[in-house]
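Work through the following exercises with the coordinates at hand, and try each task before reading its solution.

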Amino acid sequence: MNSKQILDGPALLQKIRRIAFQIFENNFEEKEIIIAGIVGEGFSLAQLLCQNILEISSIKAQAVAIQLNKDVPYDSPVQFDCDKSIFENKVIIVVDDVLNTGRTFSYSLAPFLSMHVKKIQVAVVVDRNYRKFPISADYIGYQMSTTLSEHVEVVLSDKSRLGVYLR
């Protein structure tokens, strides 16, 4: 299957840096924020956002991995790579590479509903606008309309292929 590069590496990293600045602008009074990335490219995005926030601000940004089965999220528990107590009274930014139907985000946000958090925000590299669940992103790197049969791939973990691709 042929793929077309939509964003190259430098353009993708520029989008991520812009999201980091927006997160800082909306949370500049915070001492610490948690950036929780959905395992895969979402966690890679969380790590890059933390790195950028630490470079541009005095906010302590910590990356946390959210583990769930994206294919059947309702069938497996959502787990974190840390103790849940670190979320208490903090701003949480849940991130993933692509926001399509909103299903994965809906399930990944569920555990936070039983915690006392200050605020929850959502960040994505690409928003495809095919919502089936009531999820919207606070921070969007790139919005694109595609056909349902097209697949958007964000590559952050492989530096040699860094970019956004449409297949």
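**Exercise 1: the pocket lining**

Determine which secondary-structure elements each supply at least two residues of the lining of the largest pocket, and how that lining is made up. In this predicted model, the elements that meet this condition are β5 (91-99), α3 (103-109) and β8 (152-155). Taking the contributions next, β5 provides the largest share, with four residues. The lining as a whole consists of 17 residues, and those that lie nearest the centre of the pocket are Lys-70, Asp-96, Val-98, Asn-100 and Thr-104. Sorted by character, the lining residues comprise seven charged, five polar and five nonpolar, around a pocket whose volume is about 400 Å³.

**Exercise 2: the helix α2**

Check the end-to-end distance of α2 (residues 41-56) against its expected span, and then find which elements its buried residues pack against. With 16 residues at 1.5 Å a residue, the helix should span 22 Å, and because its end C-alpha atoms are 23 Å apart, the two values agree. The buried residues of α2, among them Leu-45, Leu-48, Leu-49 and Ile-53, pack against α1 (9-26), β2 (32-38), β3 (60-67), β5, β6 (119-127) and β8.

**Exercise 3: the nonpolar cores**

Identify which members of the largest nonpolar core touch the most other members, and which element gives the most to this core. Among its 32 residues, the members in question are Ile-33, Ile-35 and Leu-49, while α2 makes the greatest contribution, with seven residues. A second, separate core has 21 residues, including Ile-34, Ala-36, Ile-66 and Leu-68. Returning to Ile-33, its contacts beyond four places in sequence include Ile-23, Ile-53, Ile-59, Val-91 and Ile-93.

Notes: Residues are numbered from 1 along each chain as its sequence is written. This is a predicted model: local features need pLDDT of at least 70, side-chain atom pairs count only at pLDDT 80 or more; totals for chains, interfaces and linings use all residues. Side-chain values use heavy atoms; hydrogens and water are left out. On a 1 Å grid over the protein atoms alone, a cavity is a set of points where a 1.4 Å probe fits but cannot get out, and a pocket is an open set with protein on both sides within 12 Å along at least five of seven lines; lining residues have an atom within 4 Å of a point. Grid points are joined across faces, edges and corners, and a volume is the space filled by probe spheres set on the points. Ala, Val, Leu, Ile, Met, Phe, Trp, Tyr, Cys and Pro count as nonpolar, Asp, Glu, Lys and Arg as charged, and the others, Gly among them, as polar. The expected span of a helix is 1.5 Å times one less than its number of residues. Buried means under 20% relative accessible area, exposed over 50%, partly exposed in between (1.4 Å probe, protein chains only). Contact means heavy atoms within 4.5 Å. A nonpolar core is a set of buried Ala, Val, Leu, Ile, Met, Phe, Trp, Tyr and Cys residues joined through side-chain atoms within 4.5 Å.
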